[in-house]
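Visitor: Please take me on a close look at the inside of this one, and go slowly. I'd like to hear what sits where and what touches what.

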Amino acid sequence: MVMADKNPSRVLVKKKEKKAENKTDKEKEKEKAKEKTVKKPDKGGKKTEVAPEPVKPEDDKKQEAGKGEAAEGEMDGVEENGEFQPIELPPFEIISGEQMSPFYFKFQFRNVEYSSGRNKTLLCYRVDIPGGSAEPLQGYMEDEHATAHAEEAFFLQVLPRIDAAQNYEVTWYVSSSPCVPCMAQVASVLGQHSNVRFHILCSRLFNWEEPDIARGLKALIGLPGCKLTMMKPSDFVHVWETYVEKEEEDSFTTWEDCQDNHDYYQEILADLLK
């Protein structure tokens, strides 16, 4: 036997709840219908629609193009007409003067066995003319990223002309021995001018393992008027005192292995001359 619900208010509440649910479902259907009218169904997944940009007047386009060209012109090596333009480098040069910096001397002239990072040549020179009235020529040269080496620049800038009536005694203190072309140039000068004598003192031997270098050194030392030796500790002190621009607080003491490295290179040089 089914008992009747004696609470009429309970029935009314249920009916109201059903009406509210029905009303909510209808509202949902209306909202879906509105969304269908705005959005089109995506077959290939959801995509974000981007509104098209408004068409810009021709003047605006020209202004933007001009800004782009100006920005590209400020960059070096930027692509132009489909091709990369080469970047202009500063001109090659030979640095010369009467004295060098203490840092260059201590780094470039150190007679280490492996000269890592020492990719330039420093040449200190003195040209004496016995019996001449002129003062000795003295200074230093440095090839800074140069196509011409310091040795070659010496003949172009310091000793461009040789007077046959005078004798020349040339002394070089170089951070490393000359390369093959520079040795050939020294040999050419000595071959053409018997009144010129060279004494080349080297801190290190440049690529002495190469056969061309070894043959060049042997040929150069065998020429009349040419003497090539390795720098002794006293030679480094002389270069410091004569060719280095020093402050009062600057000082120099020969490196701990300076004598040992001198002996090492001197033995190699002696073996090359055998």
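Guide: Buried residues make up 31% of the 274 residues in the chain, where buried is under 20% relative accessible area, exposed is over 50% and partly exposed is in between (1.4 Å probe, protein chains only). Keep in mind that this is a predicted model, where local features need pLDDT of at least 70 and side-chain atom pairs count only at pLDDT 80 or more, while totals for chains, interfaces and linings use all residues. Residues are numbered from 1 along each chain as its sequence is written, and side-chain values use heavy atoms, with hydrogens and water left out.

The chain has eight helices and eight strands, which are DSSP runs numbered from the N terminus (helices H or I, at least four residues; strands E, at least two). Among contacts (heavy atoms within 4.5 Å) with a separation of 6 or more, 74% join residues 24 or more positions apart.

Now for the inside. The largest nonpolar core holds 35 residues, and Phe 154, Trp 172 and Phe 198 touch the most other members. Such a core is a set of buried Ala, Val, Leu, Ile, Met, Phe, Trp, Tyr and Cys residues joined through side-chain atoms within 4.5 Å. The elements giving two or more residues to the largest core are β4 (122–128), α4 (150–158), β6 (168–174), α5 (180–192), β7 (196–202), α6 (211–221), β8 (226–230) and α8 (258–272). Not counting residues up to four places away in sequence, Phe 154 touches Tyr 125, Val 127, Met 141, Leu 159, Val 170, Trp 172 and Phe 198. A second, separate core has 17 residues, including Phe 105, Tyr 140, Val 239 and Cys 258.

Start your tour of the strands in β4, where you'll find Leu 123. Leu 123 is buried, at 0% relative accessibility. Beyond four places in sequence, the neighbours that Leu 123 touches are Gly 139, Tyr 140, Met 141, Ala 150, Glu 151, Trp 172, Tyr 173 and Val 174. Take Trp 172: it sits 49 residues from Leu 123 along the chain, yet their C-alpha atoms are separated by 6.5 Å.

Over in strand β6 there's Thr 171, also buried, with a relative accessible area of 18%. With neighbours within four places set aside, Thr 171 is in contact with Cys 124, Tyr 125, Arg 126, His 199 and Leu 201.

Next, the helices. In α4, Glu 151, Glu 152 and Phe 155 meet Cys 182, Gln 185, Val 186 and Val 189 of α5. That set divides into four nonpolar, one polar and two charged residues; here Ala, Val, Leu, Ile, Met, Phe, Trp, Tyr, Cys and Pro count as nonpolar, Asp, Glu, Lys and Arg as charged, and the others, Gly among them, as polar. The axes of α4 and α5 come within 8 Å and cross at roughly 35°, using lines fitted to C-alpha atoms over the stretch in contact and angles from 0 to 180 degrees between N-to-C directions.

Helix α6 is worth a stop too. Its buried residues are Ile 213, Ala 214, Gly 216, Leu 217, Leu 220 and Ile 221. Looking down the axis of α6, you'd see them fall within an arc of 165°, so they line one face of the helix; that arc is taken from the directions from the helix axis to the C-beta atoms. Their cover includes α5, β7, β8 and α8. Asp 212, also in α6, is partly exposed, with a relative accessible area of 48%. Its C-alpha and that of Val 180, 32 residues apart along the chain, are separated by 7.0 Å.

One last stop, helix α7 (residues 233–243), is home to Asp 235. A charged residue by the grouping above, Asp 235 is nevertheless buried, with a relative accessible area of 10%. Leaving aside neighbours within four places in sequence, Asp 235 is in contact with Tyr 173, Leu 201 and Met 230. From Asp 235 to Cys 202 is 9.8 Å in space, C-alpha to C-alpha, and 33 residues in sequence.
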